[in-house]
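Q: I would like to learn how to read a structure like this one, feature by feature. Where do we start?

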Amino acid sequence: MSDCLFCKIIAGEIPSKKVYEDDMIYVFEDIAPAAPVHYLFIPKEHIASAAEVTPDNSAVVAHIFEKIAELAKGPQFENGYRIVSNCGDAAGQSVKHLHFHLLAGREFTWPAG
């Protein structure tokens, strides 16, 4: 999608600090971190939000969670971590491309913070 911020990051048109990449997903550091560790996991295929996950594209979500489990190792994750995906404007989704925030390195409260 030509006007999608995350599609532009995947294409290399906008710089990012890459953490991981394969043929299905791209992982990078959030530019406005909400925790000491704040990674964004995005599918390379443009999917606008969790509301657009279907049997035809859901394998990428499973792959993302497999990579979260793999990358969430080490001391910064040992006390736990949070995974967040906002869906829609009212939930705070600012970029209309499915993405999962992986946050770690501090204590979190529920439901926000």
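A: We start with accessibility. Buried means under 20% relative accessible area, exposed means over 50%, and partly exposed is in between. Keep in mind that this is a predicted model.

Q: How does Lys 44 count on that scale?
A: Lys 44 has a relative accessible area of 26%, so Lys 44 is partly exposed.

Q: Which residue does Lys 44 form a salt bridge with?
A: First, the general idea. Side chains of opposite charge can pair when their charged atoms come close. Here the partner of Lys 44 is Glu 21, and the closest N and O atoms are 2.8 Å apart. Glu 21 lies in strand E1, whereas Lys 44 lies in the loop between E3 and H2, so the pair ties together parts that are 23 residues apart in sequence.

Q: Which other side chain meets Glu 21 in a salt bridge?
A: Lys 18 does, at 3.1 Å from N to O. Put the pairs together: Lys 18, Glu 21 and Lys 44 are linked in a network of salt bridges.

Q: Are Glu 21 and Lys 18 buried or exposed?
A: They fall in between. Glu 21 has a relative accessible area of 34%, so Glu 21 is partly exposed. Lys 18 is at 47% and therefore also counts as partly exposed.

Q: How many salt bridges does a search of the whole structure find?
A: The search finds 5. One of them joins Lys 17 to Glu 29, with the closest N and O atoms 4.0 Å apart. Lys 17 sits in the loop between H1 and strand E1 (18-21), and Glu 29 sits in strand E2, so this pair ties together parts 12 residues apart in sequence.

Q: Why does Lys 17 count as exposed?
A: Lys 17 counts as exposed because its relative accessibility is 54%, and the cut-off for exposed is over 50%. Its partner Glu 29, at 32%, is partly exposed.

Q: Now the strands. What order do they take in the sheet?
A: Read a sheet by going from strand to neighbouring strand. This open sheet has 5 strands in the order E1-E2-E3-E5-E4, with antiparallel pairing. The edge strands are E1 and E4 (81-84), each of which pairs on one side only. From one strand to the next, the twist averages 15 degrees.

Q: How many bridges join E1 to E2?
A: E1 and E2 run antiparallel and are joined by 3 bridges. For a single pair, take Tyr 20: its bridge partner in E2 is Val 27.

Q: How many bridges join E3 to E5?
A: There are 5 bridges, and these two strands run antiparallel. In E5, His 101 stands opposite Leu 40.

Q: And over how many bridges do E4 and E5 pair?
A: They pair over 4 bridges, in the antiparallel sense. Arg 82 stands opposite Leu 103 in E5.

Q: Why is E5 largely enclosed by the rest of the structure?
A: Check burial residue by residue. In E5 (residues 100-104), 5 of the 5 residues are buried, so the strand is largely enclosed by the rest of the structure. Then check each face. Phe 100, Leu 102 and Ala 104 are buried on one side, and His 101 and Leu 103 are buried on the other. Both faces of E5 are therefore covered, because the residues on each are buried.

Q: Next, pockets. What volume does the largest pocket have?
A: Here is the idea behind the search. Rolling a probe the size of a water molecule over the atoms shows where empty space is left. In this model, the largest pocket has a volume of about 300 Å³.

Q: Which residues lie nearest the centre of the largest pocket?
A: Leu 5, Phe 6, Asp 30, Ile 31 and Leu 40 do, out of 19 lining residues. Helix H1 (5-10) and strand E2 (25-29) are the elements that give two or more residues to this lining. The largest share, 3 residues, comes from H1.

Q: What does the lining of the largest pocket have by class?
A: The lining has 9 nonpolar, 7 polar and 3 charged residues.

Q: Last, a loop residue. Where does Thr 54 lie?
A: Thr 54 lies in the loop between strand E3 (37-43) and helix H2 (59-71). At 33% relative accessibility, this residue counts as partly exposed. Sequence and space give separate readings here: Thr 54 and Ala 34 are 20 residues apart in sequence and 30 Å apart in space, C-alpha to C-alpha.

Note on methods
Residues numbered from 1 in each chain as written. Predicted model: local features only at pLDDT ≥ 70, side-chain atom pairs only at ≥ 80, totals over all residues. Heavy atoms only, no water. 1 Å grid on protein atoms, 1.4 Å probe; cavity = no way out; pocket = protein on both sides within 12 Å on 5 of 7 lines; lining within 4 Å. Points joined across faces, edges and corners; volume = space filled by probe spheres on them. Nonpolar A, V, L, I, M, F, W, Y, C, P; charged D, E, K, R; others polar. Buried < 20%, exposed > 50% of the residue type's maximum accessible area, 1.4 Å probe, protein only. Salt bridge = Lys/Arg side-chain N within 4 Å of Asp/Glu carboxyl O. Pairing = 2+ DSSP bridges. Axes fitted to C-alpha atoms, helices over the stretch in contact; angles between N-to-C directions.
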